[in-house]
Structures are given as C-alpha cells and as structure tokens.
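Trainee: I should like to learn how the packing of helices and strands is read from a model. Could we work through one together?

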Amino acid sequence: MEKNNLGDMPKEDFRKYGHEVVDWIADYFERLETLPVLSQNQPNDLKNALPTAAPATGENFPQIFEDVEKLILPAVTHWNHPNFHGLFATSTSSVGVFGEMLAAAFDMKAMLWRTSPASTELEPVVLDWLRQMMNLPGDFSGIIYDTASISTLHALAMAREKLNLGIRENGMSGRTDLPLLRVYCSEQTHSSIDKAVILLGLGTRSIVKIPTNERFEMDAEKLREAIRDDLSAGHLPLCVVATIGTTSTTSIDPVDKIADICRRNNIFLHVDAAYAGSAAIVPELQDYFKGWERADSIVTNPHKWLFTPFDLSVLYVKDLDLLKKTFSLVAEYLKVAETVTNQMDYGIQLGRRFRSLKLWFVMRYFGQQGLRERIREHCRLARTFANWVDDSPNFETLAPVPFALCCFRTCPKGVDDLDALNEKIMNEINASGEAYLSHTKLNSKFTLRLSVGSIRVEERHLRKVWDLLNEKVNNEIR
Ligand code: PLP
C-alpha cells in the first residue's frame, strides 16, 4: 500500500478500513457468547507478545488490525457479554459506539463555547432530558465528567468551598484557624469518597463511617448522633454522602431522613447514585429515591446502566454558580469577550470530551420507553434469580434485591467452611469463561454477587449461571 509521506491516511483507505472495522465490531457483538467472559490470559501474556519499542516506520493498517484479533482480543474481558455478572454488569449499546466514533472524529476539546459550541449546548439539553426522566426537579443542572469518582470529587470540593474558609486562596496546610472538617458516609460507601477526601487534603481522619442496619442502609439516628458529638467537639461538618444503590449490595440510605438532618445543621448533602440513578426513570422504583431531590448534588453514571459506553458520569448540582466559583480560573489565553457558558469553568479539566453525543444517541434511539423497559426487565431478571436462590435448600440470599443485583451464597448442609466453598465455586465458574461473578463480604460471610445489566442479557443467561452453580454444588456435596 502506498502512503503519503506526510499527512493523514489516504481517504480511500480510511473509507475501506472504516467499513472493515465496523463490520468487525458487528461480528464481535454477534459472536460475544462464543468468547470467554473473562480473559483467559495470564498476567503479562499480552505485554510479552508486544515489541518493546514503536515501529521505526509506519505499518499498514491491515497488519495492525490483524493484531487486534490475534493479540488484543484474547486479553479482553468482555463487559458486553450477557454473562458478565461481576461488579456491576455494564455494557454499551451499538448506537453508543456510533456516538464514540463521531466524537473521536470531531476530536473537539470543550473548553470554551467557541472551541465547541456543539458540546457546550448539547450537554445541558441531554442532561435536562435525563433529569426529567429521573423525575428530579428543575433546579438541578447537570455536568458531565468521566467517572463517578471524579463527579464526587467535584461535589466535595464544592462542599468545601461552600464553607467559605478561604481554602482556594490560603490552602489548608500550616493553618491553625481551621477546625477538623468532617465528611459523613456509611460503612457501605464506595471508596471514591475516601479518595476524594484524601485528594482534597482533608485526610482520612475526616471521614466518619456511620454504621448500617441489617439491610446495609445508613442508620440515620447514628448520623445525627455523630454530627451532634462532632459539633460539641468543635469539628466542622463539611458534607454528608448518602448512597442510593451501594456497591456491595445496592442498599439504599434513608435519604429523606438524612436530608432532614443536613437541613437542620446546614450541611451539604451529596447523593451517590452512580449505579442506581438510572433506575429512577422507572416509575415503580421511584420510592427508592425519596428525598434525593433535596440533595445539593447527585452523581449518576449513564455508563453503568444506561447502555452508554464508558465513560460518562453526570453530576447534578443545585448551585451551578458555586461549582463555577470552586473551579473557574481564566488564564489570559482563554479570555473571551462573549458572555457564554465555557465548560472549562465547571471542573478541573480544561478540555472535555464530547461525551453528550453518545448519550443523545442512546436516548433518542431507545426513547424513554425503551430505556425504562430494559431496566425494568433487568430488575425482573435479578428478582427471578433471587427467587430461584430462595426456593433452593442449597442456597440463600444475603441482602434485599431492590434493583438488579442479587447477593447470595451456597449453604449446603454439612459443609463447615462455607466461605471456602463459595470462593472455590466462584473461581471455578470464572475460570471456565462461561460467566463472571464477583464477591463481597457481608456480615463476615463470603458473598457471591450476580449483577444483571448487559443490554444483551436474557433469562436463559441467568438460567445458565444457575445450572452451573447447582452443578458445582452438587459435585461438592455428592
Ligand atoms: N459509587 C458507587 C455506588 C459505585 O458503585 C461506583 C462503582 O461501581 C462508583 C461510585 C465509582 O464509579 P466510577 O468507576 O465511575 O468512578
């Protein structure tokens, strides 16, 4: 193949190979079920198969692309596989891939309106559609970041700024005038809260982990007591983080009661609905979200459960000006005359990817009804699985199933070490490539987690996991 000496790939080649890549992706989606869910590679297999330096001269695209099948594919764990049930099962839709392709083609860096009117104007429109679908009031404005960890970091930075302690100017180090700042969350909270606290210079001693009840929900009374004790000790509450859909079990903190406590004490309330927020679009699940409309900020991840390719996390905030006050810093070379929204003012990044495009595609292609029905079906499937577990003498559920995650374990009579048995069964299933389950510890018990979330999942996939589990258990107790 002839190449230009300078410039990009010849346009005829781009067209030809572009079609081949799309064909490959279409085939990939079709043959997903024939591939092992978890990569069967050993650590360093891929690294060892690759040259240690870039090629001195350019290679032909077919040669490069061949290595995707040969080298990359075996190293892929297939999040799109319908039997991916570990962590939170998340997957892209095909139309979401189109959004990524076009965003890559535009390659815009949304910093100023003038560098990216499309991203600057599409993002708030799409996020307002989502806000309405999730039944949140109109006083929330959304902004897209990459992940929930970063959304939460921004929310906590806002909460810190709201205290008016002059931290933007004076920092925190070497100051004797600052009290101990406190961030409250439950013992089931995601580690991204701890990381945000570390990054904001608050130190892990600022975190107060509030105990949870038998349903793994924050004990609001214990939160009230912790705040009362801290106030009398001269500490300063900075933020309460409540979770709707915790990572281990998808438990739901009593957000309404927590909002009462926050309001009484004038404390910033951040709601982590990274996983479960998407379920707010289903009317019959609305009760789980009671009180979240009273939060100062909410994070939800369409890349988790709205069929949008990673990454796309949304932070909804009540006070967009506070977010701007926290982060805006306009260097000379970024000053513009027009009075417009410049997305660089709302976060740590200067340039942002054009992420709203893929969510716009997803929302338009499936429509409100299509998205709602898919999430509803995932919840039905998880409940169906939980019923099989509950009806079996060899298994038990270990947490409620409000959304689409079932926490359970095998517990056949006469087995002493149930933790070891459950871990062994999980490892065997995962090693087989047939399905992927992950685990957590609940009340010191090794707990299996089955998450339902792939856009390709059907009841037969859950039946397959159930059969595998029973086969393994029967082999053990025979
Ligand atoms: N919050 C909750 C409740 C989560 O379950 C997760 C991830 O699973 C996160 C935050 C972090 O999400 P991200 O990977 O987008 O940072």
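**Reading helix and strand packing**

Mentor: Let us begin with handedness: helix 14 and helix 15 cross in a right-handed manner. Please bear in mind throughout that this is a predicted model.

Trainee: At what angle do helix 14 and helix 15 pack, and how far apart are their axes?

Mentor: An angle between helices is taken between their N-to-C directions. Here helix 14 (residues 418–432) and helix 15 (residues 459–477) pack at about 130 degrees, and their axes are 10 Å apart. Helix 14 and helix 15 are therefore oblique to each other.

Trainee: Which residues make the contact between helix 14 and helix 15?

Mentor: Helix 14 contributes Leu421, Lys424, Ile425, Glu428 and Ile429. From helix 15 come Leu468, Leu469, Lys472, Val473 and Glu476. By class, this contact of helix 14 with helix 15 holds 6 nonpolar and 4 charged residues, with no polar ones.

Trainee: How are helix 5 and helix 13 placed relative to each other?

Mentor: An angle under 35 degrees counts as roughly parallel. Helix 5 (residues 117–133) packs against helix 13 (residues 356–391) at about 25 degrees, with the axes 10 Å apart, and the two are therefore roughly parallel to each other. Helix 5 passes helix 13 in a left-handed crossing. Among the residues in contact are Leu122, Val126, Trp129 and Met133 of helix 5, and Leu359, Trp360, Met363 and Arg364 of helix 13. The residues of the contact of helix 5 with helix 13 divide into 11 nonpolar, 3 polar and 2 charged.

Trainee: In what order do the strands of the sheet lie?

Mentor: A sheet is read by following the pairing from one strand to its neighbour. In this model, 7 strands form an open sheet in the order 1-7-6-5-4-2-3, with mixed pairing. Strand 1 (141–145) and strand 3 (207–210) each have a single partner strand, so one side of each has no neighbour in the sheet. From one strand to the next, the twist averages 20 degrees.

Trainee: How many bridges join strand 1 to strand 7, and in which direction do these strands run, parallel or antiparallel?

Mentor: Strand 1 and strand 7 (residues 313–317) run antiparallel and are joined by 5 bridges. One pairing to locate in the display is that of Tyr145 with Ser313, its bridge partner in strand 7.

Trainee: Which strands does helix 12 lie across?

Mentor: Helix 12 (residues 320–327) lies across strand 1, strand 5 (268–272) and strand 7. Relative to strand 1, helix 12 runs at about 40 degrees.

Key
Residues are numbered from 1 along each chain as its sequence is written. This is a predicted model: local features need pLDDT of at least 70, side-chain atom pairs count only at pLDDT 80 or more; totals for chains, interfaces and linings use all residues. Side-chain values use heavy atoms; hydrogens and water are left out. Axes are lines fitted to C-alpha atoms, for helices over the stretch in contact, and angles run from 0 to 180 degrees between N-to-C directions. Helices (H or I, at least four residues) and strands (E, at least two) are DSSP runs, numbered from the N terminus. Angles under 35 degrees count as roughly parallel, over 145 as roughly antiparallel, 65 to 115 as roughly perpendicular and the rest as oblique. A crossing is left-handed if the near helix is turned anticlockwise from the far one by less than a right angle, and right-handed if clockwise. Contact means heavy atoms within 4.5 Å. Ala, Val, Leu, Ile, Met, Phe, Trp, Tyr, Cys and Pro count as nonpolar, Asp, Glu, Lys and Arg as charged, and the others, Gly among them, as polar. Two strands pair if DSSP finds at least two bridges between them.
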